[in-house]
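Let's take a friendly walk through this model. Keep the 3D view open while you read.

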Amino acid sequence: MAHNKFKGLGVALVTPFTATGEVDYTSLRRLLDYQLANGTDFLCVLGTTAETPTLTDEEKQNIINLVRDKVQGRISILLGMGGNNTAAIVRQVCSADLRGIDGILSVCPYYNKPSQEGLYQHFRAIATHSPVPVVLYNVPGRTGVNMTAETTLRLARDCENIVAVKEASGNFGQIDDIIKNKPKDFDVISGDDGITFPLITLGAAGVISVIGNALPKEFSRMVRLALAGDYANALTIHHKFAELFKLLFVDGNPAGVKAMLSSMGLVENELRLPLVPSRLSTMERISSIVKELNIKC
């Protein structure tokens, strides 16, 4: 099986926009500097949190180039590359310039609701053609279909190039089943900030995080403490951020984290339709917590 580089704190990078709706590359560079200086282990680029469906092909490529040039191999890069047309994803994987990219994150096909066999064949085709390792992404709340533990384990055993799953089903029984029965070199990554701590105690290898955009230093410390078995101190940090975990998603993602990043002066509080900024009451509470935590950028 291929080596999994995606352990510890991964950050699902947001896409900053200007007030006129353009990609804000200056703010993206500033955000990348902030991540590189504060303990992020790897970056997830062009995922859900990046508002990827609203980006043009040119913007996507510009973002990839910027991240790749900025990171310069210092940490790993996981590139979002998924969809509900298997053949199209295979063509994309085969033709993409993946220099400096350490793996791809591929979400379960959405809208067309494939069977478990369909999910298996879809991901097997992608893994067969991908020149870099593949991380599966199970997020039934968004896709409308849950990939069962049985299917995930089947893919983990049959496809050497599939190295991990980002699990965001919220189903502890299912996730624990995967952790308990997975091959040794296959990892489970939390897809939900709020349950990262308990999942690591079960055996997860880390998280692909939203809150990490704003709090990489603090959240990476929690992850590292938990991975080292220092559950008492990790739990203290987990509880410290309990309200934020909820606030960042109450108005949808990435509205919450962009409100937080805006209050910290890192990006403008701008999203692209059909997404809109968080409600004023949410933004005010997020801003208040940022002041209470005394986070320094």
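## A lysine in a loop

Is K113 buried or exposed? With a relative accessibility of 56%, K113 counts as exposed, because exposed begins over 50%. This is a predicted model, so please read each value here as computed from it.

K113 sits in the loop between β4 and α4 (116-129). Although K113 is not a glycine, its phi is positive, at about 50°. Y110 lies in the loop between β4 and α4 as well. With a relative accessible area of 35%, Y110 is partly exposed. If you want to follow the chain onward, look for P131: Y110 and P131 are 21 residues apart along the chain, and 24 Å separates their C-alpha atoms.

## A buried glutamate

E51 also has a positive phi without being a glycine, here about 55°. You will find E51 in the loop between β2 (42-45) and α2. Is E51 buried or exposed? Its relative accessible area is 1%, so E51 is buried, the limit for that being under 20%.

## The largest pocket

How much space lies in the largest pocket? The volume comes to about 880 Å³. Of the 34 residues in its lining, L46, G47, T52, P53 and G82 are the closest to the centre. Several elements give two or more residues to this lining: α2 (57-71), β3 (76-80), α3 (86-95), β4 (103-107) and α5 (140-143).

As for chemistry, the lining of the largest pocket holds 15 nonpolar, 14 polar and five charged residues. If you colour your view by residue class, these are the numbers to look for.

## The second largest pocket

The second largest pocket has a volume of about 290 Å³. Its lining consists of 21 residues. Which of them lie nearest the centre of the second largest pocket? They are Y137, G191, V210, F249 and N253. Sorted by class, the lining of the second largest pocket has nine nonpolar, eight polar and four charged residues.

## One small cavity to find

How many cavities of 30 Å³ or more are there? The count is one, and the volume of the largest cavity is about 30 Å³. Around the largest cavity you will see L13, V14, T15, L28, V45, L46, A50 and I63. By class, seven residues of this lining are nonpolar and one is polar, with no charged residues. L46 may look familiar: this residue lines the largest cavity and is also among the residues closest to the centre of the largest pocket.

## Two cis peptide bonds

Now for the backbone. N253, one of the residues nearest the centre of the second largest pocket, is joined to P254 by a cis peptide bond with omega of about 10°. P254 is located in the loop between α11 (242-250) and α12 (255-263).

Another cis peptide bond runs from L273 to P274, and its omega is near 15°. P274 belongs to the loop between α12 and α13 (280-293).

## How helices pack

A word on how to read this part: two packed helices are described by the angle between their axes and the distance between the axes. Take α11 and α13, for a start: their axes come within 10 Å and cross at roughly 150°. These two helices are therefore roughly antiparallel to each other, because angles over 145 degrees fall in that class. The crossing of α11 and α13 is left-handed.

Next, the axes of α6 (residues 149-158) and α7 (residues 172-181) come within 9 Å and cross at roughly 25°. That angle makes α6 roughly parallel to α7, because angles under 35 degrees count as roughly parallel. The crossing of α6 past α7 is right-handed.

What is the angle at which α3 and α4 pack? It is about 15°, and the axes of α3 and α4 are 9 Å apart. α3 and α4 are therefore roughly parallel to each other. The crossing of α3 past α4 is right-handed. While you are looking at this pair, recall that α3 is one of the elements giving two or more residues to the lining of the largest pocket.

Terms used. Residues numbered from 1 in each chain as written. Predicted model: local features only at pLDDT ≥ 70, side-chain atom pairs only at ≥ 80, totals over all residues. Heavy atoms only, no water. 1 Å grid on protein atoms, 1.4 Å probe; cavity = no way out; pocket = protein on both sides within 12 Å on 5 of 7 lines; lining within 4 Å. Points joined across faces, edges and corners; volume = space filled by probe spheres on them. Helix = DSSP H or I, 4+ residues; strand = E, 2+ residues; numbered from the N terminus. Nonpolar A, V, L, I, M, F, W, Y, C, P; charged D, E, K, R; others polar. Buried < 20%, exposed > 50% of the residue type's maximum accessible area, 1.4 Å probe, protein only. Axes fitted to C-alpha atoms, helices over the stretch in contact; angles between N-to-C directions. Parallel < 35°, antiparallel > 145°, perpendicular 65-115°, else oblique. Left-handed = near helix turned anticlockwise from the far one by under 90°.
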